[in-house]
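Work through the exercises below with the coordinates open, and try each task before reading its solution.

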Amino acid sequence: MPDVGILVGSESDRERMQGALDELDKRGIAYEFDVRSAHRQPDAVAEYCRSARERGLRVLICGAGLSAALPGVAAAHTDLPVIGVPLRSSLSVLDGVDA
């Protein structure tokens, strides 16, 4: 059963989160990876986060793109810790820090 939920807004974010996935693998920490957009699928994000604890998750790690909506939406629907990871984008003004 996974301890960590990794959530990103689009499949293209998987590559940007690969360092986190590699680190969890290296440490033998079980995780699940899911793609749900806070903008395009807000109900799906809410359901994922509301059910996270009952699925055994202990923390959520969310990729934060330009608007950084995903970590905030996730935190609004769970009492688990939520870690937001700023993701770089070609549209980013501050090389990802603006997320």
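The exercises that follow go from the overall fold to single residues.

The model is predicted, so that local features need pLDDT of at least 70 and side-chain atom pairs count only at pLDDT 80 or more, whereas totals for chains, interfaces and linings use all residues. Residues are numbered from 1 along each chain as its sequence is written, and side-chain values use heavy atoms, with hydrogens and water left out.

**Exercise 1. Describe the secondary structure and the overall burial of the protein.**

Begin with the elements, which are DSSP runs numbered from the N terminus, helices being H or I with at least four residues and strands E with at least two. The protein has four helices and four strands, and their order from the N terminus is β-α-α-β-α-β-α-β. Next, take burial, where buried means under 20% relative accessible area, exposed over 50% and partly exposed in between, with a 1.4 Å probe and protein chains only. Of the 99 residues, 35% are buried. Finally, count contacts (heavy atoms within 4.5 Å): among those with a separation of 6 or more, 59% join residues 24 or more positions apart.

**Exercise 2. Determine how strand S3 is covered and which strands it is joined to.**

Strand S3 spans residues 59-64, and six of its six residues are buried. Separate them by direction: Val59, Ile61 and Gly63 point one way, while Leu60, Cys62 and Ala64 point the other way, and all are buried. As background, side chains in a regular strand alternate between the two faces of the sheet. Then look for pairing, which requires that DSSP finds at least two bridges between two strands. Strand S1 (residues 4-8) runs parallel to S3 and is joined to it by four bridges, with Gly5 having Leu60 as its bridge partner in S3. Strand S4 (residues 82-86) is also parallel to S3, and five bridges join the two; here the partner of Ala64 is Pro86.

**Exercise 3. Explain why Cys49 and Cys62 form no disulfide.**

A disulfide is a covalent bond between the sulfur atoms of two cysteines, and the criterion applied is a pair of cysteine sulfur atoms within 2.5 Å. The structure holds zero disulfides. The cysteine sulfur closest to that of Cys49 is in Cys62, at 5.9 Å, and the bond is therefore ruled out because this is too far. As to their surroundings, Cys49 is buried at a relative accessible area of 1%, and Cys62 is buried at 0%.

**Exercise 4. Locate Asp13 and Phe33, and list their contacts beyond four places in sequence.**

Take Asp13 to begin with: this residue lies in helix H1 (residues 13-16) and counts as buried, with a relative accessible area of 12%. Once neighbours within four places in sequence are left aside, Asp13 is in contact with Val8 and Leu87. Phe33 belongs to strand S2 (residues 31-35) and is buried with a relative accessible area of 18%. With residues up to four places away not counted, Phe33 touches Ile6, Val8, Arg14 and Leu21. For Val8, the C-alpha atom is separated from that of Phe33 by 8.1 Å, although the two residues are 25 apart along the chain.

**Exercise 5. Which residue lies over the face of Tyr48?**

Apply the criterion for a charge over a ring, namely that NZ of Lys or CZ of Arg is within 6 Å of the ring centre and within 35 degrees of the ring normal. The residue is Arg55, at 4.4 Å from the ring centre of Tyr48.
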